[in-house]
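Please open the structure in your viewer and keep the selection tool handy. We will walk through it one stop at a time.

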Amino acid sequence: MKLPKLIEFPFHQENCGDLVVMEGELIPFSIKRVFNVRQQKGDIRGRHAHRECAQLLICSNGAVEVKCDLSNRTDIFLLDRPNIGLFIPPGVWADQKYMKNNSILTVLCDRLFEESDYLRNYNDFLLF
């Protein structure tokens, strides 16, 4: 089983603004879906795992704490820089806690949305 891991993307700071480049082999899969989630401080999202879908989470604004549960261990990652992404392979239960107001999480997926891919019950996840 693959483990969640942080990926650092090139970051270019210029007088006219910052630029983060996400391309090529740094993204560990072909992108099929992208979505953004904006939440307020203290909100918790996620609370599920995927059977087959891999995801890459990037906090483009604010800060998000991501708890990854592999049933036999739990890792916590803080995403608070727009050039750091967290790769979450299939089979990992993940919660995202939003640490600042107006935090924005961008999620890249290797599959289109399929409700049947979601494990939304923690006991089902443990059996999986």
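Is Cys16 buried or exposed? Select Cys16 to start: with a relative accessibility of 71%, Cys16 counts as exposed. Here buried means under 20% relative accessible area, exposed over 50%, and partly exposed in between, with a 1.4 Å probe and protein chains only.

Before moving on, a word on what is on your screen. This is a predicted model, in which local features need pLDDT of at least 70 and side-chain atom pairs count only at pLDDT 80 or more, while totals for chains, interfaces and linings use all residues. Residues are numbered from 1 along each chain as its sequence is written, and side-chain values use heavy atoms, with hydrogens and water left out.

**Stop 1: the cysteines**

Now select Cys68 together with Cys53. The closest cysteine sulfur to that of Cys68 belongs to Cys53 and lies 14 Å away, too far for a bond. Cys68 itself is buried, at 0% relative accessible area. How many disulfides does the count come to? The count is zero, where a disulfide is a pair of cysteine sulfur atoms within 2.5 Å.

**Stop 2: strand 11**

Next, colour residues 103-109, which are strand 11. Strands here are DSSP runs (E, at least two residues), numbered from the N terminus. Six of the seven residues in strand 11 are buried.

Add residues 33-39, strand 4, and you can follow an antiparallel pairing of strand 4 with strand 11 over seven bridges. Two strands pair if DSSP finds at least two bridges between them. Then add residues 55-61, strand 6, which pairs with strand 11 in the antiparallel sense over six bridges.

Which residue of strand 11 should you click to find the bridge partner of Asn61? Pick Ile104, the partner of Asn61; Arg38 also stands opposite Ile104.

**Stop 3: the largest pocket**

Show Phe35, Arg45, Gly46, His48 and Gln96 as sticks: of the 19 residues lining the largest pocket, these are the closest to its centre. The space in this pocket is about 260 Å³. A pocket is an open set of points on a 1 Å grid over the protein atoms alone, where a 1.4 Å probe fits and protein lies on both sides within 12 Å along at least five of seven lines; lining residues have an atom within 4 Å of a point. The volume is the space filled by probe spheres set on the points.

Which strand gives the most to the lining? Select strand 5 (44-50), which contributes five residues. Strands 4, 6, 10 (93-98) and 11 are also among those that each supply at least two. Colouring the lining by class gives eleven nonpolar, five polar and three charged residues.

**Stop 4: the salt bridges**

Finally, look for charged pairs. The whole structure holds five salt bridges, each a side-chain nitrogen of Lys or Arg within 4 Å of a carboxyl oxygen of Asp or Glu.

Select Glu52 and Arg111, whose side chains meet in one of them at 3.2 Å, N to O. Glu52 sits in the loop between strand 5 and strand 6, and Arg111, 59 residues apart from it, in the loop between strand 11 and strand 12 (118-119). Glu52 is partly exposed at 49%, as is Arg111 at 25%. Arg111 also bridges to Glu114, with the closest N and O atoms 2.8 Å apart.

For a last click, choose Arg120 and Glu115, a salt bridge at 2.9 Å, N to O. Back at the earlier group, shared partners join Glu52, Arg111 and Glu114 into one network of salt bridges.

Methods
Helix = DSSP H or I, 4+ residues; strand = E, 2+ residues; numbered from the N terminus. Nonpolar A, V, L, I, M, F, W, Y, C, P; charged D, E, K, R; others polar.
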